[in-house]
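Hi,

Here is the structure I promised to pass on to you. Open it up and have a look around, then read on for what turned up in it.

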Amino acid sequence: MIAFISGGARSGKSTHAEALARRWQAERGGARYYLATARSGSDGEWQARIGRHRQARGEGWITLEEPVDLVAALERVAPGSTLLLDCLTLWASQLLYASEYAGELDEARGIAMLERLLAEARRRDVALVIVSNDVNEGMPPEDAEVWRYLAFLQRAHRLVAQEADEVIQVMAGLPQVWKRRGGERS
């Protein structure tokens with residue numbers, strides 16, 4: 001099973017994704033993993049935010065930190081488990097702009113990595129919940145690199161939404177289900 005959950009910043013999407021991952025893990029058994037794509041770094045405010053997120057998630061999560069190589073992270077997840085990936089927005093920025101990957105990774109390799117992640121999750125029977133921010137809903141940016149980032153992220157969103165069994169958008173803490181297993185739409 002694959003779910004894609006999007007929403008604006010602080011919309012409640014991560015809280016909803018965590019609840020879904022808990023429910024799937026309770027139904028299926030196996031371990032429950034949290035894949036953080038953010039780099040922990042040394043920024044005090046960022047460290048505090050990460051700490052708050054970990055505390056809010058509570059016990060029972062195995063945390064993996066992988067800013068770019070999603071497939072390598074998935075390989076560390078036991079088959080039959082549940083994995084929450086939070087979030088594609090940070091992953092995309094690191095894939096495209098992190099200095100250690102400059103020239104090595106690009107949009108095509110990023111999309112190929114996502115395709116492989118989705119296929120491997122299904123093959124290994126890993127229930128996958130993917131979170132991302134809604135972007136590109138405001139005024140069009142004038143910067144070419146912002147356009148590049150937004151175009152890549154929207155392409156990634158379309159891929160994940162197409163392959164997902166469930167697609168949910170969260171606004172002001174309220175989930176709107178756009179797609180459910182079997183093609184039903186609410």
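Find Tyr34 first: the residue it bridges to in β4 is Leu84. That bridge belongs to the pairing of β2 (residues 32-36) with β4 (residues 82-86), which is parallel and runs over 5 bridges. One thing to keep in mind while you look: this is a predicted model.

Now turn to the other neighbour of β4. The pairing of β4 with β5 is also parallel, over 5 bridges, and here Asp86 sits opposite Val131 of β5. In case pairing is new to you, strands in a sheet are held to each other by backbone hydrogen bonds, and they can run parallel or antiparallel.

So is β4 buried or exposed? It is mostly covered, with 5 of its 5 residues buried. You can check this face by face: Thr82, Leu84 and Asp86 are buried on one side, and Leu83 and Leu85 are buried on the other.

Next, zoom out to the sheet. It is an open one with 7 strands, in the order β3-β2-β4-β5-β1-β6-β7, and the pairing is mixed. Which strands stand at the edges? They are β3 (62-65) and β7 (174-179); each has a single partner strand, so one side of each has no neighbour in the sheet. From one strand to the next, the twist averages 20 degrees.

Some helices lie on this sheet. Helix α1 (residues 13-28) lies across β1 (2-7), β2, β4, β5 (127-133), β6 (166-171) and β7, and it runs at about 180 degrees to β5. Helix α5 (residues 107-123) packs on the sheet too, touching β1, β4 and β5, with its direction at about 150 degrees to that of β5.

Then there is helix against helix. Two packed helices are described by the angle between their axes and the distance between those axes. Try it on α4 and α5: they pack at an angle of about 140 degrees, with their axes 10 Å apart. That makes α4 oblique to α5. The crossing is right-handed. On the α4 side the contact uses Leu88, Trp91, Leu95 and Leu96, and on the α5 side Glu107, Gly110, Met113 and Leu114. Sorted by class, these residues are 6 nonpolar, 1 polar and 1 charged.

α4 (residues 88-97) also meets α6 (residues 144-163): their axes come within 10 Å and cross at roughly 130 degrees. α4 and α6 are therefore oblique to each other, and their crossing is right-handed. From α4 the contact takes in Leu88, Thr89, Trp91, Ala92, Ser93, Leu95, Leu96 and Tyr97, while α6 brings Glu145, Arg148, Tyr149, Phe152, Leu153, His157 and Val160. That contact has 10 nonpolar, 3 polar and 2 charged residues.

Last, the whole thing. How many helices and strands does the protein have? There are 6 helices and 7 strands, and from the N terminus they run β-α-β-α-β-α-β-α-α-β-α-β-β. Of the 186 residues, 47% count as buried. Also, if you take the contacts with a separation of 6 or more, 73% of them are between residues 24 or more positions apart.

Have fun with it!

Key. Residues numbered from 1 in each chain as written. Predicted model: local features only at pLDDT ≥ 70, side-chain atom pairs only at ≥ 80, totals over all residues. Heavy atoms only, no water. Axes fitted to C-alpha atoms, helices over the stretch in contact; angles between N-to-C directions. Helix = DSSP H or I, 4+ residues; strand = E, 2+ residues; numbered from the N terminus. Parallel < 35°, antiparallel > 145°, perpendicular 65-115°, else oblique. Left-handed = near helix turned anticlockwise from the far one by under 90°. Contact = heavy atoms within 4.5 Å. Nonpolar A, V, L, I, M, F, W, Y, C, P; charged D, E, K, R; others polar. Pairing = 2+ DSSP bridges. Buried < 20%, exposed > 50% of the residue type's maximum accessible area, 1.4 Å probe, protein only.
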